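Biologist: I should like to go through this structure step by step. Could each answer set out its reasoning before it gives the result?

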Amino acid sequence: YLVEWPALMAAGVVSLILEVGWGDGALLDKLRERGFRRLLGIDPPPHAGHAYHAEVISGLFDAAMVRRLQDERRAPDLVIANHVLDGVPRQAGPGA
């Protein structure tokens, strides 16, 4: 389904693609297979001992991370946050 994403079709292979909460890096691996080379993943706990094919930054995608990327002059052309909310605990609401 990657080929159908309009943003990916518009992004060039020289675009910086950032995936937030990328887990094992499988999605960025698929992008690398399609010719993209400037790939960056941010995840709180990268998998120890895993051989990633993209740059890994350990941490949260928060205001401090945005400032860090700005300070490093790395503004992504595309940000992917696929299944990021899956890891966020649900808040107890009325009737919970």
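Biologist: How many salt bridges does the structure hold?
Modeller: This is a predicted model, and side-chain atom pairs count in it only at pLDDT 80 or more. On that basis, the number of salt bridges that the structure holds is four.

Biologist: Which residue forms a salt bridge with Lys 30?
Modeller: The partner lies in helix α2, as Lys 30 does, and the two are three residues apart, about one turn of the helix. The closest N and O atoms of the pair are 3.9 Å apart. The residue that forms this salt bridge with Lys 30 is Glu 33.

Biologist: Is Glu 33 buried or exposed?
Modeller: Its partner Lys 30 has 42% relative accessibility and therefore counts as partly exposed. Glu 33 has a relative accessible area of 59%. The cut-off for exposed is over 50%, so Glu 33 is exposed.

Biologist: Which residues are joined into one network by salt bridges that share partners?
Modeller: The side chains of Arg 68 and Glu 72 meet in a salt bridge, at 3.1 Å from N to O. Glu 72 also meets Arg 74 in a salt bridge, at 2.7 Å from N to O. Through shared partners, the network joins Glu 55, Arg 68, Glu 72 and Arg 74.

Biologist: What is the relative accessibility of Glu 72?
Modeller: Its partner Arg 68 is partly exposed, with a relative accessible area of 36%. Glu 72 also counts as partly exposed, and its relative accessibility is 37%.

Biologist: In what order do the elements run from the N terminus on?
Modeller: The secondary structure of the protein chain comes to three helices and four strands. From the N terminus on, these elements run α-β-α-β-β-α-β.

Biologist: How many residues of strand β2 are buried?
Modeller: Strand β2 covers residues 39–43. On one side Leu 39, Gly 41 and Asp 43 are buried, and on the other Leu 40 and Ile 42 are buried. Both faces of β2 are thus covered, and the number of its buried residues is five of five.

Biologist: Which strands are joined to β2 by four bridges?
Modeller: Residues 17–20 form β1, which runs parallel to β2 and is joined to it by four bridges; in this pairing Leu 18 stands opposite Leu 40. Residues 55–58 form β3, which also runs parallel to β2 with four bridges; here Ser 58 is the bridge partner of Asp 43. The strands asked for are β1 and β3.

Biologist: What is the handedness of the β-α-β unit made by β1, α2 and β2?
Modeller: The strands of this unit, β1 and β2, run parallel. With α2 between them in the unit, its handedness is right-handed.

Biologist: Is Trp 22 buried or exposed?
Modeller: Trp 22 lies in the loop between β1 and α2. Leaving aside neighbours within four places in sequence, its contacts include Leu 28, Gly 41, Ile 42, Tyr 52 and Val 56. Because its relative accessibility is 5% and the cut-off for buried is under 20%, Trp 22 counts as buried.

Biologist: Which element supplies the largest share of the largest nonpolar core?
Modeller: The largest nonpolar core has twelve residues, among them Trp 22, Leu 28, Leu 39, Tyr 52 and Ile 80. Two elements, α2 (26–33) and β4 (78–80), each supply at least two residues of this core. The largest share, three residues, comes from α2.

Biologist: How many residues does the other core have?
Modeller: This core lies apart from the largest one. Leu 16, Val 20, Leu 40 and Ile 57 are among its members, and its size is eight residues.

Biologist: What percentage of the residues in the protein chain is buried?
Modeller: In soluble globular proteins, nonpolar side chains tend to be buried together. The protein chain here has 96 residues, and the buried ones make up 30%.

Biologist: Which helix has the lowest mean pLDDT among the elements?
Modeller: The protein chain averages a pLDDT of 80, and 76% of the residues score at least 70. Where pLDDT is low, the predicted coordinates should not be read in detail. Among the elements, helix α3 (residues 63–71) has the highest mean, 94, while the lowest, 64, belongs to helix α1.

Terms used:
Residues numbered from 1 in each chain as written. Heavy atoms only, no water. Core = buried A, V, L, I, M, F, W, Y, C linked by side-chain atoms within 4.5 Å. Buried < 20%, exposed > 50% of the residue type's maximum accessible area, 1.4 Å probe, protein only. pLDDT = per-residue confidence, 0-100. Pairing = 2+ DSSP bridges. Right-handed = clockwise from strand over helix to strand, strands pointing away. Contact = heavy atoms within 4.5 Å.
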